[in-house]
Number of protein chains: 6
Amino acid sequence: MVNLEQKTAWKRGIKMELTHFDENGKARMVDVTEKQDTVREATAVGKITVSQAVYDAIEQGTVGKGDVLGVATTAGVMGAKRTADLIPMCHILPITNCQVHFEMAPKELAVYCSCTVKVTGKTGVEMEALTGVSVALLTIYDMCKALDKSMEIGEIYLQKKTGGKSGLVENIKKGVQ
Amino acid sequence: MVNLEQKTAWKRGIKMELTHFDENGKARMVDVTEKQDTVREATAVGKITVSQAVYDAIEQGTVGKGDVLGVATTAGVMGAKRTADLIPMCHILPITNCQVHFEMAPKELAVYCSCTVKVTGKTGVEMEALTGVSVALLTIYDMCKALDKSMEIGEIYLQKKTGGKSGLVENIKKGVQ
Amino acid sequence: MVNLEQKTAWKRGIKMELTHFDENGKARMVDVTEKQDTVREATAVGKITVSQAVYDAIEQGTVGKGDVLGVATTAGVMGAKRTADLIPMCHILPITNCQVHFEMAPKELAVYCSCTVKVTGKTGVEMEALTGVSVALLTIYDMCKALDKSMEIGEIYLQKKTGGKSGLVENIKKGVQ
Amino acid sequence: MVNLEQKTAWKRGIKMELTHFDENGKARMVDVTEKQDTVREATAVGKITVSQAVYDAIEQGTVGKGDVLGVATTAGVMGAKRTADLIPMCHILPITNCQVHFEMAPKELAVYCSCTVKVTGKTGVEMEALTGVSVALLTIYDMCKALDKSMEIGEIYLQKKTGGKSGLVENIKKGVQ
Amino acid sequence: MVNLEQKTAWKRGIKMELTHFDENGKARMVDVTEKQDTVREATAVGKITVSQAVYDAIEQGTVGKGDVLGVATTAGVMGAKRTADLIPMCHILPITNCQVHFEMAPKELAVYCSCTVKVTGKTGVEMEALTGVSVALLTIYDMCKALDKSMEIGEIYLQKKTGGKSGLVENIKKGVQ
Amino acid sequence: MVNLEQKTAWKRGIKMELTHFDENGKARMVDVTEKQDTVREATAVGKITVSQAVYDAIEQGTVGKGDVLGVATTAGVMGAKRTADLIPMCHILPITNCQVHFEMAPKELAVYCSCTVKVTGKTGVEMEALTGVSVALLTIYDMCKALDKSMEIGEIYLQKKTGGKSGLVENIKKGVQ
């Protein structure tokens, strides 16, 4: 199921460690005090697979009534802003941009979501992008769960990341734009 | 990829509608004022697929140092409690129990997460369970992202739900405990 | 500017005191421990007056693109749920319903907002309704402030309240639906 | 009711668009990544109109017991800090100052509130100032609602704004200081 | 330094275990689903020891200007309401009352704080009372830290607790009212 | 009980005032707009005194099961990030590091906690460090309160602070590491 090629300047054998733990294995925030403020950007993606009835309801909602994706967009942006409240060791980042987009995939009966976040800061925004996608997809689930309780959220991963020490990171999955 | 059988008292052709929208298609909370307070329970599951290096780091962490799953458990419980803050149309529910568990799947290089939530209330807790799983898995991602930026979160769905009008809902996926 | 008639069972000379202060004038939550759980409902209203350009943009948004009122609806519902976080002496209430509606008033170049909240609880939800209206109108302001910085939010008041000791409270303003 | 003159460098026919929507009309945060960090300041005002009994209670509270305006000041400052949590497309801003002030208007039986916020940042703080005023006035309402349920909150607008691309923006209303 | 007598129905050799961990030692919320809704109340106390200059500033503030204790009261009540957001395994409780009080101790140059919280619920409110005291005392520290950076917060403990399975719990400390 | 020597560049008779109040004694945030962004660091400490049974349970938890201190570490870091939400006049600070550590003191039956926070910003992080310690100790209390309801939290103070106008501030207490 996992079939990712990774093209990245980052994967060059840099010291392998879980930076969120100190030398005694205790959890901690990573110290970014000395890092430079640079422009950083991250895009995460994910999808929710639904029944035909839900798919139709979402699609019609985008044209006329019951705008599921509109509510999910708002929730995704707000969720991205709450990342540091949710993920214990995440830094508080005054993000400068957040965009949530959806794409309907009729053959799969899926809705794809992407979330792009930017910041000028000392650390990256991949967690914000991933959290934005997760909250947006959970919101679709919530809005449609009266129709279908077997929906599945999945394939959430970092698509692209730029800026900071690790430079460009890109995960290419076949079949997903 | 989606292969769910649904055994449910609920799927009996009840009026199909997106209850989160009014007759004009405007988003709203569902009115549960008149519903009974009953015991309700929901279990959601999901997984994160990681590299060998991350898998080993997590596994060792659970025995000696760097307890990734401990932090993720805490984050999952706290995330479940924040559901109404994150998901726009979710009700505020004073949940009475929340359990987050993990299971290591060495062949898949995956960590499975389940979150079970209970409440005595007027509406169910499936969103709390799904949010708990999502936040727990995002936390694993965050704690390990220095080692691997191609991790993937997926297969998040409602495993089981009891109580309330829809009674027992169960989604059986092959190969997942 | 204030021209309210008040039809209310409540205005019958009940002991006049600021219940949010103790006998020494210190702020406190009102003790509702002994009160009954009853169904309570409140509707608050308010409006935002805007320029012609903003009015048109909002109106077009509701039919085609740039759905200002959709985002404001979501924000209003979420804001109502955050009332106890914002208003110091407000009780935490697991509200059972929240509806935000808008009405366009072309002659006034205004958008009217109403927010109705319900709960089965020991105290009323008028603060939740008023907070929902306020956050919804602030969101309209935010979404349109690139076009107009002289918008004005006003006429926020409790329209109707039922349930609890004070029974029916209704404030009638001429000219507002 | 709306009678604002606008003296502003900003109102010079700059491209009229709702910047909170992309080219497809989807809601988004405005991208401020490339903007300069400059000192920005905004003052918003508003008022609450109350009964004589409430007016007297508030006024006495400021001298001896039951300090309504003290609680409302605290709530206003805390509310301004929560702006990005409440208003969906608002940026998280580490504001550097927030002042909430009240003025009693005995002839109108009103309490005027002003909130001034500063930041060194990439975008302005008018939403923080407006949110601070709104939360402060809602808090007055809450603290006094046992005495009067026909209070009205209104005339909330941006009084002055400096810094950033739009420079000085000032809204003059007659009769309000 | 610790000199507590404990008069309690609770200390009767009930099964000793950390209920916040399951049989595998994993952290969890305690399951209170089956417990009765009863009236529960808890009072916690604590103090902050300050310099003479701070002591005088606080004392004068309570009569004329600079109301440190007023702000701390508000913060304490709001903090008590945020307990479930802060303490990972705490239940969300719709508390029905919260009172924060201060007492000046001139000989010790200390300010004592007590916080009493009530709820009709399935579990007790001692964490809410303790959190209310802690946040109130931290707020005093914050408001006075320009004058003194050697203040000390201490002697925070549960003074009294009623309701629920453990019945009356009382901790008597000599010399504290 | 308070026995602090203070070695500090700061205690040199600088103008004594409560900067959190304006000239009329009204509470406000301190205006830090014009201050420089410099690296600032603060360490706060505190302790919880427990029964032998709790002490043993905590100590065993750190080696095998029931990791009280692990949960408390996570809570402390998350609490430090919530400081501006809790303490009314605190600035929002995008802290760049947060470390929570514990030390067991078997003779005293106490657990000592320290929290170190860093930021590159316009104001210091002592409140974040003190809040982190307080929330961590409250979490220990919560996790162990089924075993002992007479635990006491105390001796919370600022141990060390560097950066900013006041330079080095250090509070030395005998007997604490």
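**Reading the interfaces of chain F**

Modeller: The contact between chain F and chain E takes 61 residues from chain F and 61 residues from chain E, and please keep in mind throughout that this is a predicted model.

Colleague: How should I read the area of such an interface, and what area is buried between chain F and chain E?

Modeller: The size of an interface is often given as the accessible area lost when the parts come together. Here about 5400 Å² is buried between chain F and chain E, and carbon and sulfur atoms give 68% of that area. On the side of chain F, the residues F:Leu18, F:Lys149 and F:Glu152 supply 13% of the area that the chain buries against chain E, which is more than any other three residues.

Colleague: Which charged and polar links cross the interface of chain F and chain E, and how many salt bridges are found there?

Modeller: The rule finds four salt bridges across the interface of chain F and chain E. In one salt bridge the side chain of F:Lys149 meets that of E:Glu126, with 3.7 Å from N to O. Between chain F and chain E there are also 10 residue pairs in polar contact, counted where both residues have pLDDT 80 or more.

Colleague: Which element of chain F gives the most residues to the side that touches chain E?

Modeller: Several elements of chain F supply at least two residues each to the side that touches chain E, among them strand S2 (38–49), helix H2 (68–81), helix H4 (126–144) and strand S5 (152–162). H4(F) gives the most, with 12 residues. Taken by class, that side of chain F has 32 nonpolar, 14 polar and 15 charged residues.

Colleague: How do the strands S5 of chain E and chain F run where they are joined, parallel or antiparallel?

Modeller: Strand S5 (residues 152–162) of chain E is joined to S5(F) by two bridges, and the strands run antiparallel. Within this pairing, E:Ile153 stands opposite F:Ile156 in S5(F).

Colleague: What turn lays chain F on chain E?

Modeller: As a general idea, two copies of a chain are related by a rotation about an axis and a shift along it. In this model a turn of 180 degrees, with a shift of 0.0 Å along the axis, lays chain F on chain E with an RMSD of 0.0 Å. That is the relation of a two-fold axis. Among the residues of chain F, F:Gly154 comes closest to the rotation axis, its C-alpha being at 1.8 Å. The copies meet through the same surface, because 100% of the interface residues of chain F are also interface residues in chain E.

Colleague: How many residues does the contact of chain F with chain B take from each chain?

Modeller: That contact takes five residues from chain F and five residues from chain B. The area buried between chain F and chain B is about 410 Å², and carbon and sulfur atoms give 59% of it. In chain F, the residues F:Thr74, F:Met78 and F:Arg82 lose the most area to chain B, together 69% of what that side buries. Across this interface the rule finds zero salt bridges, and it finds zero residue pairs in polar contact with both at pLDDT 80 or more. The side of chain F that touches chain B divides into two nonpolar, one polar and two charged residues.

Colleague: Turning to the backbone, where does E:Leu109 lie?

Modeller: E:Leu109 lies in the loop between strand S3 (97–105) and strand S4 (110–121) of chain E. Although E:Leu109 is not a glycine, it has a positive phi of about 55 degrees. In chain B, B:Leu109 has a positive phi of about 50 degrees, and B:Leu109 lies in the loop between strand S3 (97–105) and strand S4 (110–121) of chain B.

How values were computed:
Residues are numbered from 1 along each chain as its sequence is written. Chains are lettered from A and ligands numbered from 1 in the order in which they are written. This is a predicted model: local features need pLDDT of at least 70, side-chain atom pairs count only at pLDDT 80 or more; totals for chains, interfaces and linings use all residues. Side-chain values use heavy atoms; hydrogens and water are left out. Contact means heavy atoms within 4.5 Å. Buried area is the accessible area (1.4 Å probe) that two parts lose on being put together, summed over both. A polar contact is a pair of N or O atoms within 3.5 Å; within protein, one must be able to donate a hydrogen and the other to accept it, and residues adjacent in sequence count only if both atoms are side-chain atoms. Helices (H or I, at least four residues) and strands (E, at least two) are DSSP runs, numbered from the N terminus. Ala, Val, Leu, Ile, Met, Phe, Trp, Tyr, Cys and Pro count as nonpolar, Asp, Glu, Lys and Arg as charged, and the others, Gly among them, as polar. Two strands pair if DSSP finds at least two bridges between them. Copies are superposed by least squares on the C-alpha atoms of residues with pLDDT of at least 70 in both.
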